[in-house]
Amino acid sequence: MNAVDHVAQARARKLADALACGIDDAFISQLVEQFYEAVRLDAMLGPIFGAKVNDWPYHLARMKDFWASVLLESGRFSGNPMKKHIAIGGLDSAHFARWQSVWDATLTRIAPNEQVANQFRDAARRIGESLLTGIKVDRGGPAAISAKAAA
């Protein structure tokens, strides 16, 4: 089997596993809609999103494509989330922790089962950690990562 076939099979397995446990476009749509409804009302996150998102239907559609690409291997999302987050001045670990908290609460409320909730929680945690690391490196160079590793 060549590398292309191996990747295609891995993606097909990931999609089949996701669909089997209840992750599909309908759930992703519901999750994104309800999560961002909560974000917009959140005292910490609402003002940040309110200042940056001018077209909510467009943003929500992009986020649905993003999460479908992450969990369903849909390939519908293209973009540079790191660049977008770096451009938001003042983001720090407290913002990411709050984002994760609202995300987790939304999943607790609507996920069809714990497996679905955990897959989304784990993916969000990994993505958030990556974005926060990128922001720290952008602000403080490689020393920002060394300081994190030493802590």
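How much area does the protein expose, and what share of it do carbon and sulfur atoms supply? The protein exposes about 8700 Å². Carbon and sulfur atoms supply 57% of that area. Keep in mind that this is a predicted model.

Start with the overall build. The protein has eight helices and zero strands. Read along the sequence, the pattern is α-α-α-α-α-α-α-α. The C-alpha trace spans about 45 × 40 × 30 Å along its principal axes. There are 151 residues, and 35% of them count as buried.

How do these residues meet? Take the contacts between residues at least 6 apart in sequence. Of these, 71% join residues at least 24 apart. Charge is the next item. The protein carries 18 positive and 16 negative charges. The mean positions of the two sets are 5 Å apart.

Now turn to the pockets. Rolling a probe the size of a water molecule over the atoms shows where empty space is left. The largest pocket has a volume of about 910 Å³. Its lining is made by 36 residues. Nearest its centre lie Phe 49, His 59, Met 63, Lys 84 and His 85. Five helices each give two or more residues to this lining: H3 (46-52), H4 (56-72), H5 (81-86), H6 (93-110) and H7 (114-140). Which helix gives the most? That is H7, with seven residues.

Look closer at His 59, one of the residues nearest the pocket centre. His 59 sits in helix H4. Is His 59 buried or exposed? His 59 has a relative accessible area of 16%. The cut-off for buried is under 20%, so His 59 counts as buried. Leaving out residues up to four places away in sequence, His 59 touches Tyr 36, Phe 49 and Val 53. Of these, Phe 49 is also among the residues nearest the pocket centre.

Follow the chain out of H4. The loop between H4 and H5 holds Glu 73. Phi of Glu 73 is near 55 degrees. That is a positive value in a residue other than glycine. Glu 73 is partly exposed, with a relative accessible area of 28%.

Phe 77 is found in the loop between H4 and H5 too. Phe 77 has a relative accessible area of 17%, so it is buried. Which residues does Phe 77 touch? With residues up to four places away in sequence left out, they are Arg 62, Asp 65, Phe 66 and Ser 69. Phe 77 can also be placed relative to Met 63, a residue nearest the pocket centre. Phe 77 and Met 63 are 14 residues apart in sequence. In space, they are 8.3 Å apart, C-alpha to C-alpha.

Go back towards the start of the chain. Ile 23 lies in the loop between helix H1 (3-21) and helix H2 (25-41). Its relative accessible area is 0%, so Ile 23 is buried. What covers this loop residue? Not counting residues up to four places away in sequence, Ile 23 touches Ala 18, Ile 28, Leu 71, Leu 72, Val 116, Gln 119 and Phe 120. His 6 offers another reference point. His 6 and Ile 23 are 17 residues apart along the chain, and their C-alpha atoms are separated by 23 Å.

Compare that with Asn 113. Asn 113 is placed in the loop between H6 and H7. Asn 113 and Ile 23 are 90 residues apart in sequence. Yet they are 9.9 Å apart in space, C-alpha to C-alpha. Asn 113 is partly exposed, with a relative accessible area of 28%.

End on H7, the helix that gives the most to the lining of the largest pocket. Arg 125 lies in this helix. Its relative accessible area is 34%, and Arg 125 is partly exposed. Where does its side of the helix make contact? Leaving out residues up to four places away in sequence, Arg 125 touches Gln 100 and Asp 104. Arg 125 and Asp 104 are 21 residues apart in sequence. Their C-alpha atoms are 10.0 Å apart in space.

Terms used: Residues numbered from 1 in each chain as written. Predicted model: local features only at pLDDT ≥ 70, side-chain atom pairs only at ≥ 80, totals over all residues. Heavy atoms only, no water. Helix = DSSP H or I, 4+ residues; strand = E, 2+ residues; numbered from the N terminus. Buried < 20%, exposed > 50% of the residue type's maximum accessible area, 1.4 Å probe, protein only. Contact = heavy atoms within 4.5 Å. Areas by Shrake-Rupley, 256 points an atom, 1.4 Å probe, with all protein chains shown as cover. Lys, Arg positive; Asp, Glu negative; His and termini not counted. Charge placed at Lys NZ, Arg CZ, Asp CG, Glu CD. 1 Å grid on protein atoms, 1.4 Å probe; cavity = no way out; pocket = protein on both sides within 12 Å on 5 of 7 lines; lining within 4 Å. Points joined across faces, edges and corners; volume = space filled by probe spheres on them.
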